[in-house]
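User: Hi! Could you walk me through this model, one question at a time?

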Amino acid sequence: MRHPRSLTSVAAVRLAWGALSVALLGTAVILAVYDHYAQQPPDWKPAPPSYPIPNGYDDFVAAAALVPVQPNESYSLTEAERAAVLARARLGLGRVCQAPSEGTGG
């Protein structure tokens, strides 16, 4: 006849192994689910940058377009042309200015 204590210790060992198996299985499932979703790209796209309206940068570009520049050619502006370029540049200096960053197409 077996001692009743030995049955209790065998049951305790089996219970411990069962609990350990459940814990390991649960950890494996959690890691598998996490790995699956960690590989997925995000569903959202970052918002495009917002530029101030009116933007001083646009005034600087417009002022530069008023100056006729040809490579290897000297040029001179009339007083009226210089005044128009400076007026447009001064307008840009009075506004918030933000140049478009590369790759934004703006």
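**Salt bridges and their surroundings**

Analyst: Happy to! The count of salt bridges here comes to two. Please keep in mind that this is a predicted model.

User: Which residue forms a salt bridge with Asp59, with the closest N and O atoms 3.1 Å apart?

Analyst: The side chain of Asp59 has a polar contact of 3.1 Å, and that distance is under the 4 Å limit for a salt bridge. The partner in this salt bridge, with its closest N and O atoms 3.1 Å from those of Asp59, is Arg88.

User: How many residues apart in sequence are the parts that Asp59 and Arg88 tie together?

Analyst: The salt bridge runs between Asp59 and Arg88. Asp59 lies in helix α2 and Arg88 in helix α3, so the pair ties together parts whose separation in sequence is 29 residues.

User: Which residue meets Asp59 in a salt bridge of 2.9 Å?

Analyst: This partner lies in the segment after α3, while Asp59 is in helix α2, so the pair ties together parts that are 36 residues apart in sequence. The side chain that meets Asp59 at 2.9 Å, N to O, belongs to Arg95.

User: Which residues do the salt bridges with shared partners join into one network?

Analyst: One salt bridge pairs Asp59 with Arg88, and another pairs Asp59 with Arg95. Asp59 is thus a partner in both pairs. The network joined in this way consists of Asp59, Arg88 and Arg95.

User: Is Asp59 buried or exposed, and what is its relative accessible area?

Analyst: The cut-off for buried is under 20% relative accessible area. Asp59 falls under that cut-off, so it counts as buried, with a value of 2%.

User: What are the relative accessible areas of Arg88 and Arg95?

Analyst: Partly exposed covers the range between the 20% and 50% cut-offs. Both arginines fall in that class: Arg88 is partly exposed at 33%, and Arg95 is partly exposed at 29%.

User: Which residues does Asp59 touch, leaving out those up to four places away in sequence?

Analyst: Two of the contacts are with salt-bridge partners, Arg88 and Arg95. With sequence neighbours up to four places away left out, the full list is Arg88, Leu91, Gly92 and Arg95.

**Helix α2 and the loop before it**

User: Which residues of helix α2 are buried, and within what arc do they fall?

Analyst: Helix α2 spans residues 56-65, and its buried residues are Gly56, Asp59 and Ala63. Seen down the helix axis, these buried residues line one face of α2, because they fall within an arc of 50°.

User: What do the buried residues of α2 pack against, and which exposed residues are on the face turned away?

Analyst: The packing partner of the buried residues is α3, which covers 79-93. The face of α2 turned away from the buried side carries the exposed residues Ala64 and Ala65.

User: At the start of α2, which backbone nitrogen does a side-chain oxygen of Asn55 reach?

Analyst: Asn55 sits in the loop between α1 and α2. At 7% relative accessibility, Asn55 is buried, and its contacts beyond four places in sequence are Val96, Cys97 and Gln98. Its side-chain oxygen comes to within 3.1 Å of the backbone nitrogen of Tyr57.

User: Where is the cis peptide bond with omega near 0°?

Analyst: Look at the loop between α1 and α2, where Pro54 is placed. The cis bond runs from Ile53 to Pro54.

**The whole chain and its surface**

User: How many helices and strands are in the protein chain, and what share of its residues is buried?

Analyst: From the N terminus on, the elements run α-α-α. That corresponds to three helices and zero strands. Of the 106 residues, the buried share is 8%.

User: What percentage of contacts between residues at least 6 apart in sequence join residues at least 24 apart?

Analyst: The salt bridge between Asp59 and Arg88 ties together parts that are 29 residues apart in sequence. For the contacts in the chain between residues at least 6 apart, the share joining residues at least 24 apart is 77%.

User: Which residues form a nonpolar patch on the surface?

Analyst: Leu20, in helix α1 (residues 4-38), is one of them and is partly exposed at 41% relative accessibility. Together the patch residues have about 440 Å² of accessible area, and they are Val13, Trp17, Leu20 and Leu24.

Notes
Residues are numbered from 1 along each chain as its sequence is written. This is a predicted model: local features need pLDDT of at least 70, side-chain atom pairs count only at pLDDT 80 or more; totals for chains, interfaces and linings use all residues. Side-chain values use heavy atoms; hydrogens and water are left out. Buried means under 20% relative accessible area, exposed over 50%, partly exposed in between (1.4 Å probe, protein chains only). Helices (H or I, at least four residues) and strands (E, at least two) are DSSP runs, numbered from the N terminus. The arc is that of the directions from the helix axis to the C-beta atoms. Contact means heavy atoms within 4.5 Å. A polar contact is a pair of N or O atoms within 3.5 Å; within protein, one must be able to donate a hydrogen and the other to accept it, and residues adjacent in sequence count only if both atoms are side-chain atoms. Patches are made of residues with over 30% relative accessible area and no salt bridge: like charges are joined within 9 Å, nonpolar side chains (Val, Leu, Ile, Met, Phe, Trp, Tyr) within 5 Å. Accessible areas come from the Shrake-Rupley method with a 1.4 Å probe; for residues, only the protein chains shown count as cover.
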